[in-house]
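Trainee: I would like to go through this chain piece by piece. Can we put it up and start with a loop?

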Amino acid sequence: MDMRIVQTELTETEHALLEAYVRARRTTIKEAVREAIRTLTVRDQVDPDDPIFKMFPLTRAKGKLKNLSEEHDQYLYGDRR
């Protein structure tokens, strides 16, 4: 994996806060900064206002299998136990 070096300057207060953070979590400054970057840049949450959650149903239940989401393996593969 290619790595890049990133440098920055911190105030004494910022550095003290960072040191306290890593000591409390028993990690390193390097890993704490990487975690902060991932938290700020990687969106890993569901947006409840996303239109996908407000769309009309794309299918209508027409089949005879009412419990398909629970028993799909049984319907697909039969009883192979």
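Trainee: Where is Arg-26 found in this predicted model?
Mentor: Look at what comes before and after. Arg-26 follows H1. The next helix is H2, residues 29-41. Arg-26 is therefore in the loop between H1 and H2.

Trainee: What is the phi of Arg-26?
Mentor: The residue is not a glycine, yet its phi is positive. The value is near 50 degrees.

Trainee: Is Arg-26 buried or exposed?
Mentor: Exposed needs over 50% relative accessible area. Arg-26 has 80% relative accessibility, so the residue counts as exposed.

Trainee: How far does H1 reach from its first C-alpha to its last?
Mentor: H1 covers residues 12-25, which is 14 residues. At 1.5 Å a residue, 20 Å is expected. The model comes close to that, with a reach of 20 Å.

Trainee: Which elements make up the chain, from the N terminus on?
Mentor: There are 0 strands. The helices number 3. The order is α-α-α.

Trainee: Which element has the highest mean pLDDT, and which the lowest?
Mentor: Start with the whole chain: the average is 84, and 85% of the residues score at least 70. Among the elements, H1 is at the top with a mean of 97. At the bottom, with 76, is H3, residues 68-77.

Trainee: How many salt bridges does a search of the whole structure find?
Mentor: Side chains of opposite charge can pair when their charged atoms come close. One such bridge joins Glu-31 and Arg-38. Another joins Arg-43 and Asp-47. The search finds 2.

Trainee: What is the N to O distance between Glu-31 and Arg-38?
Mentor: Glu-31 is partly exposed, at 30% relative accessibility. Arg-38 is partly exposed too, at 42%. Their side chains meet at 2.9 Å.

Trainee: And what is the N to O distance between Arg-43 and Asp-47?
Mentor: Arg-43 counts as exposed, at 63% relative accessibility. Asp-47 is partly exposed, at 30%. The salt bridge cut-off is within 4 Å. This pair meets it, at 3.9 Å.

Trainee: What share of the residues counts as buried?
Mentor: Buried means under 20% relative accessible area. The chain has 81 residues. The share that counts as buried is 4%.

Trainee: How much of the exposed area do carbon and sulfur atoms supply?
Mentor: The chain exposes about 8800 Å². Of that area, carbon and sulfur supply 53%.

Trainee: Which residues lie nearest the centre of the largest pocket?
Mentor: The pocket holds about 490 Å³ of space. Its lining counts 15 residues. Nearest the centre are Val-6, Lys-30, Val-33, Arg-34 and Ile-37.

Trainee: Which element supplies the largest share of that lining?
Mentor: H1 and H2 each give at least two residues to the lining. One contribution is 6 residues, the largest share. The element behind it is H2.

Notes:
Residues are numbered from 1 along each chain as its sequence is written. Side-chain values use heavy atoms; hydrogens and water are left out. Helices (H or I, at least four residues) and strands (E, at least two) are DSSP runs, numbered from the N terminus. The expected span of a helix is 1.5 Å times one less than its number of residues. Buried means under 20% relative accessible area, exposed over 50%, partly exposed in between (1.4 Å probe, protein chains only). Accessible areas come from the Shrake-Rupley method with a 1.4 Å probe; for residues, only the protein chains shown count as cover. pLDDT is the predictor's confidence in each residue, from 0 to 100. On a 1 Å grid over the protein atoms alone, a cavity is a set of points where a 1.4 Å probe fits but cannot get out, and a pocket is an open set with protein on both sides within 12 Å along at least five of seven lines; lining residues have an atom within 4 Å of a point. Grid points are joined across faces, edges and corners, and a volume is the space filled by probe spheres set on the points.
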